Amino acid sequence: MSNKKNILITGGAGFIGSHVVRLFVKNYPDSHIINFDALTYAGNLENLRDVENSSNYTFVKGDITNTDEVARVFQKYEISDVIHLAAESHVDRSISDPSAFVNTNVNGTVNLLNAAVERWKGRYANHLFYHVSTDEVYGSLGDTGLFTEETPYDPKSPYSASKASSDHFVRAYTNTYGLRTVISNCSNNYGPNQFPEKLIPLLIHNIKTGKELPVYGKGLNVRDWLYVVDHARAIEVVFNEGKPGETYNIGGHNEWKNIDIVELVCDLTDEKLKRDTGSARQLITFVKDRAGHDMRYAIDASKIERELGWKPSLQFEKGIALTIDWYLKNEEWLNGVTSGDYRAYYDKQYAQ
Ligand code: NAD
Ligand code: DAU
């Protein structure tokens, strides 16, 4: 990326967004990074303390579903490009409140697309709208096979249906208006700054505080885990080198059954806390399965490797150790996000 850009990153105070913001602020000092985030329960400016005073960074509190706020940020900062991550992102919450997911993930995305068409009309060649999506749009796999970019969409949860819908809108705007867009669909991320409603940080938090470790069903569902900084690097590569109109799958080549990852996190955390081996495993509790629980996700990430030269850089063993260390060390961050509303959410979600 050579010329100066004004890049709007939506959802930049969230888990993945904060790693993307950090990478772009550091790597593109001549560009202006505008982080547009509504600061929902999942957004946290603590995630960005180390870059918040950078001269090429601006935070704007705003809601992607609010047409006026979106128009204002596009105009004020002469936005040249968008990297869109803002979303409701947790499957369990989409089961209890699907409408919030339609509102943010579908209506919010369409709102941003409209603003881009409005501002960039007639000169699309200079602009890019990058939509960050998920592998869950492809549905659920059996014991074998991988999701490729050609796998037909088959979303099965309200969350994945809303993400699939937003992907379709992005492609429709390319086809209908000529907007230059690119989409990537990534597998499960893990790493620092993930809200502890998601499996791995929830486990670490509960082990630390001696609470039960809820495993849905028999714990046999499979996910493909990628370290969040590797995802941020992939987003940078797709932003710079991705071919407009294309989709890129991003994944870790790193499939784990839930129960295996739970036991691994138990053992590593025991070790780091200098507790007796096996003590965390005693907290494992099999609970009622997630409704419509997708069995297996696995990504074929060969296209992005072949065409753009990206592949995961961090070995899982190292990534998971770094992650556990981070949560144990950042007690204040963890306490901050698990007080207040989190308790109410947790009690409701895990009531048997
Ligand atoms: P997250 O829930 O941690 O963060 C979402 C961010 O979006 C928060 O900062 C929140 O405040 C913001 N936001 C929510 N609603 C908003 C609104 N109406 N207006 C403005 N900002 C709003 O999510 P994440 O896990 O970092 O995921 C980021 C993106 O990546 C999402 O689009 C998600 O679908 C996608 N994704 C996530 C994963 C994963 O494993 N977490 C994997 C693949 C793709
Ligand atoms: O695949 C990409 C997706 O990964 C992203 O698009 C989503 O935003 C992200 O939340 C994630 O979805 P999952 O539903 O796979 O992630 P989660 O961490 O919620 O759950 C991982 C697995 O662990 C899943 O099979 C459900 C199971 N689980 C989860 C929780 C929170 C449990 O067994 N117990 C739990 O308490």
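User: What is the order of the open sheet of seven strands?
Analyst: This is a predicted model: local features need pLDDT of at least 70, side-chain atom pairs count only at pLDDT 80 or more, and totals for chains, interfaces and linings use all residues. Residues are numbered from 1 along each chain as its sequence is written, chains are lettered from A and ligands numbered from 1 in the order written, and side-chain values use heavy atoms, leaving out hydrogens and water. Strands (E, at least two residues) and helices (H or I, at least four) are DSSP runs numbered from the N terminus, and two strands pair if DSSP finds at least two bridges between them. Pairing in this sheet is parallel, and the order is 3-2-1-4-5-6-10.

User: Which strands stand at the edges of the sheet?
Analyst: An edge strand here has a single partner, so one of its sides lacks a neighbour in the sheet. That holds for strand 3 (57–61) and strand 10 (247–250).

User: How are neighbouring strands of this sheet turned against each other on average?
Analyst: Axes are lines fitted to C-alpha atoms, for helices over the stretch in contact, and angles run from 0 to 180 degrees between N-to-C directions. With direction ignored, the average turn between neighbouring strands is 20°.

User: Which residue in strand 6 stands opposite valine 132?
Analyst: Strand 5 (residues 128–134) and strand 6 (residues 181–186) pair in the parallel sense over six bridges. Opposite valine 132 stands serine 184.

User: What angle does helix 5 make with strand 5?
Analyst: Helix 5 (residues 158–177) packs on the sheet. It touches strand 5, strand 6 and strand 10 (contact means heavy atoms within 4.5 Å). Its direction relative to strand 5 is about 155°.

User: How many residues of helix 7 are buried?
Analyst: Buried means under 20% relative accessible area, exposed over 50%, and partly exposed in between, with a 1.4 Å probe and protein chains only. Among the buried residues of helix 7 are Val228, Asp230, His231 and Phe239. The helix has 14 residues and is largely enclosed by the rest of the structure, because the buried count is ten.

User: Which element gives the most to the largest nonpolar core?
Analyst: A nonpolar core is a set of buried Ala, Val, Leu, Ile, Met, Phe, Trp, Tyr and Cys residues joined through side-chain atoms within 4.5 Å. The largest has 40 residues, and those with the most contacts inside it include Ile9, Tyr130 and Ile250. Strand 1, strand 10 and helix 9 (302–308) are among the elements giving two or more residues. With six residues, the top contributor is helix 7.

User: Is lysine 303 buried or exposed?
Analyst: Lysine 303 lies in helix 9. Beyond four places in sequence, it touches Glu149, Glu246, Thr247, Tyr248 and Leu308. Its relative accessible area is 10%, so it counts as buried.

User: Is proline 152 buried or exposed?
Analyst: Proline 152 sits in the loop between strand 5 and helix 5. Its relative accessibility is 62%, so it counts as exposed.

User: What kind of aromatic pair do tryptophan 326 and tryptophan 333 form?
Analyst: Rings of Phe, Tyr and Trp (its six-membered ring) pair if their centres lie within 6.5 Å; planes under 30 degrees apart count as stacked, over 60 as edge-to-face and the rest as tilted. The count by this rule is 20 aromatic pairs. Tryptophan 326 and tryptophan 333 are both buried. Their rings are 5.1 Å centre to centre with 70° between the planes, and the pair is edge-to-face.

User: What kind of pair do the rings of tyrosine 346 and tyrosine 350 make?
Analyst: Both residues, tyrosine 346 and tyrosine 350, are buried. Their ring centres are 4.5 Å apart and their planes stand at 35°, so the pair is tilted.
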